[in-house]
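Welcome! Please take a moment with the sequence and the 3D view, and then we can look at the aromatic rings together.

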Amino acid sequence: MASLGSESKQVLAAQLRATLDVIPAYTWYADPSGVLTFVNERTADYLGLPKDHPLRFGMDIAAAWDSHAQLVHPDDREEMLGNWSTRLRTGTAGEGSFRVLGAQGEYRWFLSRAEPMRASDGSLLFWIGVNLDIDDTKRAEEALQRNEHYLVEGQRLAHMGSWVFNPAGFFSHWSVELLRIYGLDPGREAPGLMNTSP
């Protein structure tokens, strides 16, 4: 197979960047050492990068492998750097979730997936990554956990419990407090096979 000339490579690179710009995700490239070399338009806009920033065009900015860590929420930074360091050390794909600071000064949760792209001889050419905005899902999960905590605490304080019957007339759920009221261990499985039919 003939190798591509310089002009063909530039055309292919431009086509790939254009494709990544229309994908409804936050995509990026990094060199084998982990240094970011490209972010798509969606990512650049979220981060507030100027329209002429080199990362928008796939140009080397001579940064460190961990230079992007300053954009990650301080509570998530250590875990994210550990995960990225493992990817770089092992050359394996992986993912993690963390909050990233946007241009508007707010953090949003992202699920980030990095994949190594290799040459036919197995050598690492670059990393390609996709970050999916999971902020709404994360916030909904947190709200659900808070509400569940409030319900459990309310039942504990009122010393009342709740249960759910399924259509077959069996208990399908016992609240923690109901188990306690009946002297059952909340750490064990609730008695779910009790039929309520006459």
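This short report covers ring pairs first and then charges that sit over rings.

## Before we start

Please keep in mind that this is a predicted model. Searching the whole structure turns up seven aromatic pairs, and two of them are described below.

## Tyr46 and Phe110

Let's begin with Tyr46 and Phe110, whose rings meet edge-to-face. Their centres are 5.3 Å apart, and the planes make an angle of 70 degrees. Along the chain, the partners are 64 residues apart, so to speak of distant parts being linked is fair under the naming used here: Tyr46 belongs to helix H2 (residues 41-47) and Phe110 to strand S4 (residues 107-118). Both Tyr46 and Phe110 are buried.

This pair also has company, as ring pairs join Tyr26, Tyr46 and Phe110 into a cluster.

## Trp84 and Trp127

Another edge-to-face pair is made by Trp84 and Trp127, with 5.4 Å from centre to centre and 65 degrees between the planes. Here, too, distant parts of the chain are linked: Trp84 lies in helix H3 (residues 74-90), Trp127 lies in strand S5 (residues 124-133), and 43 residues separate them.

Are these two residues buried or exposed? Trp84 has a relative accessible area of 7%, which is under 20%, so Trp84 counts as buried. Trp127 is buried as well, because its relative accessible area is 0%.

## Charges over rings

Tyr26, a member of the cluster, has the charged end of Arg42 over its ring, 6.0 Å from the centre. Elsewhere, Lys138 lies over the face of Trp109, 4.4 Å from the ring centre.

Terms used:
Residues are numbered from 1 along each chain as its sequence is written. This is a predicted model: local features need pLDDT of at least 70, side-chain atom pairs count only at pLDDT 80 or more; totals for chains, interfaces and linings use all residues. Side-chain values use heavy atoms; hydrogens and water are left out. Rings of Phe, Tyr and Trp (its six-membered ring) pair if their centres lie within 6.5 Å; planes under 30 degrees apart count as stacked, over 60 as edge-to-face and the rest as tilted. Helices (H or I, at least four residues) and strands (E, at least two) are DSSP runs, numbered from the N terminus. Buried means under 20% relative accessible area, exposed over 50%, partly exposed in between (1.4 Å probe, protein chains only). A charge sits over a ring if NZ of Lys or CZ of Arg is within 6 Å of the ring centre and within 35 degrees of the ring normal.
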